[in-house]
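Good morning, and thank you for coming. Please take a moment to look at the sequence and the model before I begin my short presentation.

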Amino acid sequence: MIIREHVPLASLTTLKVGGPARFVVECVHENDVRAALAFAYEQNLPWSVLGEGSNVLAADEGYNGVVLRILMHTCTFEERAEHVIATVDAGVSWDELVRLVGEKGLWGMENLAGIPGTVGASPVQNIGAYGSEVKDTITEVRVFNAATNEIRVFLNEDCGFGYRESRFKHDKSLIILSVTFTLAVNGTPSLGYKDLAAYEAKEGTLTTPLAISEAVRYIRSQKFPNLREHGTAGSFFKNPTISKEQYAHLKEQFEGLPGFPNEHGVKIPIAYILDHVLKLRGYTEGNVSIYANHALVLVSRDGATADDVDQFGNSIAQRVFEVSGIVIEREVQAFPVTV
Ligand code: NAP
């Protein structure tokens, strides 16, 4: 376990904003998690877990608490007749896992290539892309429950998975240690989303998980900013689901508005409103912009503060509401979340 003091949260988050954390504890072994919590109690400070910081907006005032970084990174693969069970530590990078699984020719994660963050963060918001969600491959999630001081295993059906949702998002006493996935030896490509279908039409048939994951990475690289070059947390807002009636009404106003029916109503790609209705692609206020290649993505430049990003996000959400009546929620989470 490594303890560091007064670490700028800006250096631990991809939006590159946020003041200092009093302590950062790096947990490189499972036992370190217990020790890190004991350290927080000794210091009489709150604690909070941070992964790669790719989906968080950290406060300018920083965090007078203990940030736990879960860095264990072992992966084991067990072969069965029709599938392979992968048990993966929370600290493994998600995209490195997708790459490894693709190289082994296993199916189930290929559409989720290129999503930043760790394996431990993947069930928290049930990451999803191009018609797949991580919940489709997860069999169990092993956690340390800080409220009871016990290790507990949640089976898939007990994880409360939904669209960008899980119980781990709401119960912050559950610290994810590892995730177990079931991956198929034989699978079928799922290439229904427009961008993937267009890629295939241009570049040729995609038949292997590795080829699909590489295509997904390429498509994402054209739309999403590179985290090494820009301060960003990817999609800043969730795509909302609205009622069928509201959709029909909006469709009269905005003829080309796409809508994808689901069990709760119709899901709207909110980038359409931001881009085609509000014409906000590339729009800038101070040091914060809407990314030129994708209107759902905010980008912060050097000198931006968390407050700037927060206010910019609010003003964008307000404009969407004024023009469409849709209340959009942030996908990006505020940090710290204290326990
Ligand atoms: P996109 O492909 O332009 O899609 C925009 C929205 O329309 C998404 O909500 C998407 O649903 C929906 N959509 C598009 N085609 C659909 C279809 N055939 N059936 C049902 N719904 C459809 O999205 P993008 O912004 O370029 O992002 C690419 C992919 O990465 C998307 O799937 C997006 O959701 C995903 N993504 C995930 C995360 C995350 O997990 N945190 C962050 C950023 C982007 P879905 O939302 O169900 O895909």
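I shall begin with a single residue, Arg164, which sits in the loop between strand 11 (150-155) and strand 12 (174-184). Please keep in mind throughout that this is a predicted model. The phi angle of Arg164 is near 55°, a positive value in a residue that is not glycine. For context, most residues other than glycine have a negative phi. Is Arg164 buried or exposed? Its relative accessibility is 13%, and because buried means under 20%, Arg164 counts as buried.

Asn126 offers a second example of a positive phi in a residue other than glycine, here near 45°. You will find Asn126 in the loop between helix 2 (94-103) and strand 8. The relative accessible area of Asn126 is 0%, so this residue is buried.

While we are on the backbone, let me mention one peptide bond. The bond from Phe335 to Pro336 is cis, with omega near 10°. In general, most peptide bonds are trans. Pro336 belongs to the segment that follows strand 20 (333-335).

Let us now turn to the ligand. Which residues come nearest to it? Around the ligand there are 18 residues, and those that come nearest are Tyr163, Lys223, Lys267, His294 and Glu331. By chemical character, the shell divides into 8 nonpolar, 5 polar and 5 charged residues. Two elements, strand 8 (128-129) and helix 4 (209-223), each contribute at least two residues to that shell.

Several side chains approach the ligand with polar atoms. In the case of Tyr163, a polar side-chain atom lies 2.6 Å from an oxygen atom of the ligand. For Arg220, the corresponding distance from a polar side-chain atom to a ligand oxygen is 3.5 Å. Gln125 has an N or O atom in its side chain that is 3.0 Å from a nitrogen atom of the ligand. How much of the ligand does the protein cover? On its own the ligand has 800 Å² of accessible area, and the protein covers 83% of this.

Next, I should like to describe some of the strands. Lys267, which I named among the residues nearest the ligand, also takes part in strand pairing: it is in strand 16, opposite Thr241. Strand 14 and strand 16 (residues 265-267) pair in the antiparallel sense, over 2 bridges. These two strands belong to an open sheet of 3 strands, in the order 14-16-15, with antiparallel pairing. At its edges are strand 14 (241-242) and strand 15 (260-262), each of which pairs on one side only.

A further antiparallel pair is formed by strand 13 and strand 19, joined by 3 bridges. Within this pair, Thr232 has Val299 of strand 19 as its bridge partner. How many residues of strand 13 are buried? For strand 13 (residues 231-235), the count is 5 of the 5 residues, so the strand is largely enclosed by the rest of the structure. Val299, for its part, lies in strand 19 (residues 297-300) and is buried, with a relative accessible area of 7%. Val299 can also be compared with Ser324: the two are 25 residues apart in sequence, and their C-alpha atoms are 24 Å apart in space.

The last pair of strands I shall discuss is a hairpin, in which 3 residues connect strand 6 to strand 7. Strand 6 (residues 75-79) and strand 7 (residues 83-89) run antiparallel and are joined by 5 bridges. One of the facing pairs places Glu78 opposite Ile85 of strand 7.

Finally, a word on cysteines. How many disulfides are there? The count comes to 0 disulfides. Cys75 is in no disulfide, and the nearest cysteine sulfur to it, that of Cys159, is 19 Å away. A disulfide would require the two sulfur atoms to be within 2.5 Å, so this pair does not qualify. Cys159 is likewise in no disulfide, the sulfur of Cys75 being the nearest to it. As to their surroundings, Cys75 has a relative accessibility of 26% and counts as partly exposed, whereas Cys159, at 0%, counts as buried.

That concludes my presentation, and I thank you for your attention.

Conventions
Residues numbered from 1 in each chain as written. Predicted model: local features only at pLDDT ≥ 70, side-chain atom pairs only at ≥ 80, totals over all residues. Heavy atoms only, no water. Near = heavy atom within 4 Å. Polar contact = N/O pair within 3.5 Å; in protein donor to acceptor, adjacent residues only side chain to side chain. Areas by Shrake-Rupley, 256 points an atom, 1.4 Å probe, with all protein chains shown as cover. Helix = DSSP H or I, 4+ residues; strand = E, 2+ residues; numbered from the N terminus. Nonpolar A, V, L, I, M, F, W, Y, C, P; charged D, E, K, R; others polar. Pairing = 2+ DSSP bridges. Buried < 20%, exposed > 50% of the residue type's maximum accessible area, 1.4 Å probe, protein only.
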